[in-house]
Amino acid sequence: MSRAQAESVIKNIIREIAQECASKGQAVSETLVAFMVKAVVLDPSNEFNVDRTLTKDDVQKLIKLCVDRLMDNRSPALETVKMQVYFDMNYTTRSDFLEEHRRVLESRLQPVIREITDSRARTREELESLYRKIVSAVLLRSGLGSPTDIAVVREATAALQSVFPQTELGTFMSLTKRDKERQLLELTMIVTGIRLFNKECGKGGEGIDDLPAILNEAVPATTQNVDAEIQATLKSANKYTALIEKSLSGDSKEGPSLQLLKEALINTRQHEAFLRVILNDVISCAQQVELLEQQLATRMEQLQATVQSKTAVPTAQVYPQFIHLSQLWSGFQDEMVLLSVLSNILASLEPYTRGHRELFTDEALSPFLEGVTVKTDEQRIQETSGPENRVNTKDFKDADWLFPETTKNFTKLPLQYRGYCALSLANFDRLLIPSNPEVGVLRYKDHYYAFSNKNAAAEFAQNPDHYIRLVAEGAKKSPELIQLLELHTQFATITPYSQGKDQGRMIEKPVTKCDSGTQTDTHFMESNIVKSYEWNEWELRRKAIKLANLRTRITHSVQTNLSNMRRDNAIQVWPPKDQETQTKTDASTNVPRPQVFLAGLRGGGMSTATQMVKVDLTQDVDQT
C-alpha cells in the first residue's frame with residue numbers, strides 16, 4: 001500500500017466516524033475526530049500494537065471506540081480535548097492576530113481601491129464621482145465613521161480637500177497603480193490625523209469614538225473577568241485535588257469516581273492554563289494602551305504648538321505629525337480588536353468546563369469534604385518553602401541541582417510538565433500537584449524537573465528514566481495531558497495515520513520530507529529606471545556647467561555641398577497603369593509594291609546621245 005493509499009484509508013475512517021456521530025445527533029469536526037483516533041490508538045488498554053496489522057475487525061473496533069468516546073457528553077476528558085482543539089484553532093499570538101485582522105481589512109477594501117486605481121475618468125461628472133469614491137475609501141480604511149453618514153462624509157471631504165483638492169485628480173490619474181495605492185494610503189493617514197486633531201480642538205470629530213476612554217473601561221473589566229474565572233477554576237481544582245489525595249490515602253472508601261475526579265482535575269488545570277495565557281495578553285494590551293495614551297498626548301501637544309493660531313503652516317511640518325497621529329489611533333483600534341477576540345475566546349472556553357461543574361456541584365462534594373483540608377497552590381508552596389525543605393545535594397553527587405541563589409534567571413527555567421510535580425504524575429497516576437522550584441530543580445538530559453517537596457525530589461532523582469516513562473504511559477491513557485504537560489517532543493514520532501513497513505500497519509515515524517515548488521514572475525514590479533541618473537557628483541557638476549553655458553549661447557547651422565548629399569530625401573511616384581482596348585472586328589489590306597528599273601543612265605559617251613529606258617517591274621498582288 002502506498003502512502004497516498006494509506007492517507008485515503010485514514011480519511012475514509014475519519015469521515016465514517018464523523019458521519020456516524022452526526023447520525024446520532026453529535027456534530028464533530030474532522031480535527032477532533034483525528035485527535036480522538038490518535039488517543040484511542042495510544043491507549044494501551046485498546047491493544048492497538050504498532051507491530052500488528054490492522055484487520056477489518058480492528059478498523060471497526062477503532063471506529064466504535066472513537067464513536068463511543070465522542071458520544072460521551074458527560075466525560076470531562078472529552079471536554080478537555082474539545083477545549084484544546086478549539087483553543088489551538090482560534091488562538092494565536094498577538095502579532096498574528098493583528099496581521100490577520102489587517103489582511104482581512106485590506107481584502108475587503110480591495111474592490112473599492114481597485115475601482116479608484118483602474119478609473120479612466122474624463123468628464124466632469126466622472127471626476128466628481130471618482131473624488132467621492134476616494135472620500136469613501138479614506139473613511140473605510142480609517143474606521144472613523146460611516147460613509148453613509150452625511151455629516152461624517154462632509155467633514156472627511158473638507159479635510160481631504162485641504163490636502164488633495166479636486167483639481168489634483170489629473171495628476172493622480174497619471175500615476176501608476178502602485179503609486180496611486182501609496183498616495184491613497186498617505187491621504188488616509190493625513191485626513192485621519194486632521195480629523196483627530198479637529199476633534200481634540202472641539203471643531204469636529206463627527207462619528208469618532210473615544211477609543212482611549214472605552215479601552216480604559218474595557219481592559220480592567222476584562223482583566224477582572226479573567227481573574228474571576230481563574231479563581232473559580234482554582235477553587236474547583238483545589239477541591240478535586242483534596243478528594244483525590246483523600247481517596248489515594250485510603251481514608252475514604254466511598255465518594256465520587258476517582259477516574260472522573262482525575263479527568264475533572266485535568267480539565268480545570270487546562271482551563272487555568274488557557275486563562276493565564278489570555279490574562280497575559282490582556283495585561284500586555286493594558287500596557288500598550290497606557291503607552292499609546294502617553295504618545296497621543298505628547299503628539300497633540302506638539303501639534304498645538306506647531307499650529308497654534310496660524311492661518312497657514314508648512315506641510316512639511318504638520319503632515320508627518322498627522323501621519324504619526326493616525327498611526328497612534330490605529331494602535332488603539334488594534335487593541336480594541338485584540339480585546340474583542342480575547343473576550344470571545346474567554347466566553348467560548350466556559351462551556352467546556354460546564355460538564356464537570358454540573359457533575360461535581362458544591363452540594364454533591366460537601367459530604368465528602370468534611371474533615372478534609374482543601375489547600376490552595378500558594379499554601380502548598382508555602383509549606384515546602386525554607387532552607388530546611390530543600391534537597392540535600394550531598395546525597396546526590398551525580399545529580400545536577402539548581403537553586404535560586406546559584407542560578408541566573410532561575411524563574412525563567414523551562415520546567416518540564418508545565419511546572420507540575422514529576423513524581424506525583426508518575427506515582428499517583430496523572431495527579432497534578434503544583435511544584436515548588438525552591439525545593440530544587442533537577443537538570444537531567446538538558447531538561448528541568450521540579451517537585452512538590454524534597455522527598456519527591458529525592459525519590460525521582462534515584463531513577464529519573466523510570467518515572468519519565470511512567471508519565472508517558474499515563475499520558476497515553478489521557479491524551480489530553482500531551483498538550484497540558486507539553487509532551488509533544490515525546491510523542492512527536494507517533495502518528496496513527498501512516499503506513500508501516502507491512503501492509504495495514506497504522507503507526508510509524510512520520511516522514512519529515514515533502515516536495516515543494518515556487519514560481520516567481522519575471523518582472524513582478526514595474527520598472528522605473530531613470531536614464532538620466534548620475535551617481536558621480538563631478539559628472540553632475542559638468543552637466544550643470546554645460547547647461548549654464550548654454551544659456552548664453554546661440555545655435556548656428558551651416559550646410560555645404562557635401563553635407564547636402566547626406567540629407568535623407570524621399571519621393572513618391574504613381575506607377576504607370578496597364579490599359580487595354582478591344583475593337584469589334586479585325587481587318588487588313590494588301591497593295592502591290594511598286595518597283596521601277598531605269599536602263600541607259602550611264603550614257604553612250606560624248607558622241608552618242610543618252611537614251612534612258614524606264615522599265616516597270618511591279619508585280620500584281622496575285623503574283624506575290
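In this predicted model, strand S2, which covers residues 441-444, is joined to strand S3 by 3 bridges, and the two strands run antiparallel. Within this pairing, Tyr-444 has His-447 of S3 as its bridge partner, while Arg-443 stands opposite Tyr-448 in S3. S2 and S3 together form a hairpin with 2 residues between them. One residue of the turn, Lys-445, has a positive phi of about 55°. That value is worth a second look, since most residues other than glycine have a negative phi.

The hairpin belongs to a wider arrangement. S1 is joined to S2 by 3 bridges, and these strands also run antiparallel. Here Trp-401 stands opposite Leu-442 in S2. Taken together, 3 strands form an open sheet in the order S1-S2-S3, with antiparallel pairing. Its edge strands are S1 (400-402) and S3 (447-449), each of which pairs on one side only. From one strand to the next, the twist averages 35°. As a reminder for readers new to sheets, strands pair through backbone hydrogen bonds, either parallel or antiparallel.

The loop between S1 and helix H16 (422-427) is a good place to look next, and Gln-416 lies in it. Which residues does Gln-416 touch, not counting those up to four places away in sequence? They are His-447, Tyr-448 and Tyr-449. His-447 has already appeared as the bridge partner of Tyr-444, and Tyr-448 as the residue opposite Arg-443. Gln-416 has a relative accessible area of 17%, and it counts as buried because this value is under the 20% cut-off.

Tyr-417 is placed in the loop between S1 and H16 as well. Its phi is near 60°, a positive value in a residue other than glycine. Is Tyr-417 buried or exposed? With a relative accessibility of 1%, Tyr-417 counts as buried. Arg-418, which is also in the loop between S1 and H16, has a phi near 55°, again positive in a residue other than glycine. The relative accessible area of Arg-418 is 33%, so this residue is partly exposed: the value falls between the limits of 20% and 50%.

Attention now turns to the helices. Helix H9 spans residues 177-201 and has 25 residues. From its first C-alpha to its last, H9 reaches 36 Å, close to the 36 Å expected at 1.5 Å a residue. After H9 comes Gly-202, whose phi is positive, near 80°. An α-helix has 3.6 residues a turn, so residues three or four places apart point the same way.

Ile-194 lies in H9, and its surroundings can be described in some detail. Leaving aside neighbours within four places in sequence, Ile-194 is in contact with Ala-159, Ser-162, Val-163 and Phe-322. The C-alpha atoms of Ile-194 and Ile-323 are separated by 9.0 Å, although these residues are 129 apart along the chain. Ile-194 has a relative accessibility of 10% and therefore counts as buried, the limit being 20%.

Another buried residue is found in helix H3 (residues 56-70), where Leu-62 has its place. At 1% relative accessibility, Leu-62 counts as buried. Its C-alpha atom is separated by 9.0 Å from that of Ile-13, and the two residues are 49 apart along the chain.

These local views fit into the chain as a whole, for which the secondary structure comes to 21 helices and 5 strands. Of the 624 residues, 36% count as buried. The chain exposes about 39,600 Å², and carbon and sulfur atoms supply 50% of that area. How much of the contact pattern joins residues at least 24 apart in sequence? Among contacts between residues at least 6 apart in sequence, the share is 70%.

Finally, the confidence of the prediction can be considered. The pLDDT averages 83 over the chain, and 90% of the residues score at least 70. Over residues 493-512, pLDDT stays under 50. For this stretch, the model has 50 contacts beyond four places in sequence.

Methods. Residues are numbered from 1 along each chain as its sequence is written. This is a predicted model: local features need pLDDT of at least 70, side-chain atom pairs count only at pLDDT 80 or more; totals for chains, interfaces and linings use all residues. Side-chain values use heavy atoms; hydrogens and water are left out. pLDDT is the predictor's confidence in each residue, from 0 to 100. Contact means heavy atoms within 4.5 Å. Helices (H or I, at least four residues) and strands (E, at least two) are DSSP runs, numbered from the N terminus. The expected span of a helix is 1.5 Å times one less than its number of residues. Two strands pair if DSSP finds at least two bridges between them. Axes are lines fitted to C-alpha atoms, for helices over the stretch in contact, and angles run from 0 to 180 degrees between N-to-C directions. Buried means under 20% relative accessible area, exposed over 50%, partly exposed in between (1.4 Å probe, protein chains only). Accessible areas come from the Shrake-Rupley method with a 1.4 Å probe; for residues, only the protein chains shown count as cover.
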